[in-house]
Amino acid sequence: MPMLNADIARQFELAADLLEIKGDNPFRIRAYRNAARIVEDLPHELAGWVADEKDLTELPGIGKDLADKISELVNTGTSVAIDTLRQSLPPHITDLLTIPGLGPKRVKKLYAELKITDLPSLKQAAEAGQIRELAGLGEKTEKQILSAIEAQTDSSRRFLRATVIPYADALQTHLQACARVHRVAIAGSYRRGRETIGDLDFLVWADDAAAVMEHFLAYEDRQDTLAHGDTKSSMRLKAGIQVDLRVVPKESFGAALHYFTGSKAHNIAMRKEAQQRKWKLNEYGLFDGENAVAGETEEAIFAALEMEWIPPELRENRGELAAAAEHSLPKLIELDDIRGNLHAHSRWSDGKNTIEEMARSAKEAGYEYLAITDHSQRLTVANGLNESRLREQLEEIDAVNQQMKGFRIFKGIEVDILADGSLDLPDSILRELDVVIVSVHSKFNLSAQEQTERIMRALDHPCTTFLAHPTGRLLLARPPYPVDVPRLIAHACERGCFLELNANPQRLDLNESYCQLAKEEGVPIVINTDAHSTHDAVHMATGIAQARRGWLTKDHVVNTRSLKAIQKMLRDTRLD
DNA sequence: GCCGTTTTCGGCCCGACTGTTTTCAGTCG
């Protein structure tokens, strides 16, 4: 099993946790955590870089030491230094850090004084009332630890962005109903458009913070209160989602919005920018000594630092500060740029609506075209189409097209890629279609090389238009199958076909790093809902958020084109 | 452990809340 970036990142996180418990230099610990994040985000596998003897220290945050550790991990599967560190402490001690309220100092104390080495021994000690006896800890902390252990699966939970949206909307309405509230914003990873959300961060501009807190905590869907201070409160909703609220005065609203939108890495980089000017940036504003330079709006803060306003989706410290300083940020794609959808299902396979219903719904949404792309015969569980049923379907599409003015239904198929990379329908019928989507729905357990070559063969088929959901992942449920996506991107570029960004909230496949790589390599992306009913049209917004995080502009996205332009693009993907 | 228009040393983001130790450390974001 090769060492993946995710494995390297996990090793660095582990090293950081262990060093923290040992009380090591906090900046050294931060360097490990920073490196873990950098490595995790890379679109290229570092194992390949090591094999090619590329200079790893060119990566930001990776110096000689960490570069050597990466090479060692890739070449030997292990790092002597990290292993030594691991052996100096009990094997499961870092599990204790997952308990809210337990940080490195307390874990160290629990281990030193009570020989607590893992979650079971922590639970035992808490139940025996031993923890309250320690200096600096008390009865309340002990109870908090016990309830956290019991709720552990819940507290570490993340939610799909799409799952959280209705809860966020409802709570926003609740806050706006408070007479003391002047303005409400949702910040955090939600505003950055991340695919999953850990908690919701609400920000309110109001003069009477206490009244707003009271109103906030009186919310009917509140399960329990986690914190309640002068300007900050925190609760858990019955749905399990944690919500934090911060109340700030008008003059700090922009600074607070920026601060609580994050990400952490972006904030640190921004504060450094401020520091270089001998200024200070915090959630109250941008300050020159005692004097506020900016704070009421985000725009003013960026402007004071001689930067363009950075869209929240880009705030991950992946080059956006430099681009903003050069005024070269991309003009990110917007939902209104989308003019059609090239991946949708009907009742002919596993969809819920007829072709006409799907088409009328798309037209009402302002689209100019829709591709009906039902499953192919191999996918029997989805009632996949064989050649003769597909021919019948094409007649129905012709009929509906004749009735609909100013709208075009494209004839398509989502054809299964078979084990050997060939397609699940004969060429004779594929040649009659406008859109041929190739998809993996089986054989997820091939090696990365086998899977990659299988898919590349499917891309080589002369009728292929694009590859759907390229990695097959289901967020929070199923990891991607092993596949070399950069190689697929390079191959799609050579072949002249597209890759899909599947907008289904559980897929969002391609991820943002691969979107960015596809953009750099010049491979067009098509953002599709993969709708199985008319209700799924809303998913386009989730896909757009992901595309924006991948730095995509209107030009990189196929289905921002007019009907006429896209017809040419579809023809150009054909090799026959 | 990283980094450099303060460049090979000496910095490294900053503030709120909680519980408990009555003046603050630890945790969190």
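Where is the place of K115? Select K115 in your viewer, and you will find this residue in the loop between helix 6 and helix 7 (119–127). K115 has a positive phi of about 55°, although this residue is not a glycine. The helices and strands on this tour are DSSP runs numbered from the N terminus, with helices being H or I runs of at least four residues and strands being E runs of at least two.

Before we go on, two notes for your viewer. This is a predicted model, in which local features need pLDDT of at least 70 and side-chain atom pairs count only at pLDDT 80 or more, while totals for chains, interfaces and linings use all residues. Residues are numbered from 1 along each chain as its sequence is written, and chains are lettered from A and ligands numbered from 1 in the order in which they are written.

**Stop 1: the domains**

Colour chain A by its domains: domain 1 (5–87), domain 2 (93–155), domain 3 (159–248), domain 4 (264–325) and domain 5 (335–572). These bounds come from an automatic or database domain assignment. Now show domain 1 and domain 2 together; their C-alpha centres lie 29 Å apart. Their contact takes 6 residues from domain 1 and 6 residues from domain 2, where two residues are in contact if their C-beta atoms, placed from the backbone, lie within 7 Å. On the side of domain 1 that touches domain 2, you have 3 nonpolar, 1 polar and 2 charged residues. In this sorting, Ala, Val, Leu, Ile, Met, Phe, Trp, Tyr, Cys and Pro count as nonpolar, Asp, Glu, Lys and Arg as charged, and the others, Gly among them, as polar.

**Stop 2: helix 1 and helix 2**

Next, select residues 5–22 for helix 1 and residues 26–41 for helix 2; they pack at an angle of about 165°, with their axes 8 Å apart. Axes here are lines fitted to C-alpha atoms, for helices over the stretch in contact, and angles run from 0 to 180 degrees between N-to-C directions. Helix 1 and helix 2 are therefore roughly antiparallel to each other. Angles under 35 degrees count as roughly parallel, over 145 as roughly antiparallel, 65 to 115 as roughly perpendicular and the rest as oblique.

Turn on side chains to look at the contact: residues of helix 1 including I8, F12 and L19 meet residues of helix 2, among them I29, Y32 and V39. By class, this contact has 12 nonpolar, 1 polar and 5 charged residues.

**Stop 3: DNA strand B**

Show DNA strand B and the residues around it. Which residues come nearest to DNA strand B? Of the 39 residues around the strand, the nearest are G63, G103, R106, G138 and G229. A residue is near a strand if its C-beta atom, placed from the backbone, lies within 6 Å of it.

Several elements each supply at least two residues of this surface, including helix 4 (64–76), helix 8 (139–150) and strand 5 (222–228). Helix 14 gives the most, with 6 residues. Coloured by class, the surface near DNA strand B has 12 nonpolar, 15 polar and 12 charged residues.

**Stop 4: two cis peptide bonds**

Zoom in on G262 and S263, where the peptide bond is cis, with omega near 0°. S263 sits in the loop between helix 13 (253–261) and helix 14. Then jump to D509 and L510, which are also joined by a cis peptide bond, with omega about 25°. L510 lies in the loop between strand 16 (498–502) and helix 22.

**Stop 5: two more helix pairs**

Stay with helix 22 (residues 512–521) and add helix 21 (residues 485–495): this pair packs at an angle of about 30°, with axes 10 Å apart. That makes helix 21 roughly parallel to helix 22. Their contact is made by V485, P486, I489, A490 and C493 of helix 21 and Y514, L517, A518 and E521 of helix 22. By class, there are 8 nonpolar, no polar and 1 charged residues in this contact.

Finally, select helix 17 (residues 355–364) and helix 18 (residues 387–403), whose axes come within 10 Å and cross at roughly 40°. Helix 17 and helix 18 are therefore oblique to each other. Here I355, E356 and A359 in helix 17 meet E396, I397 and V400 in helix 18.
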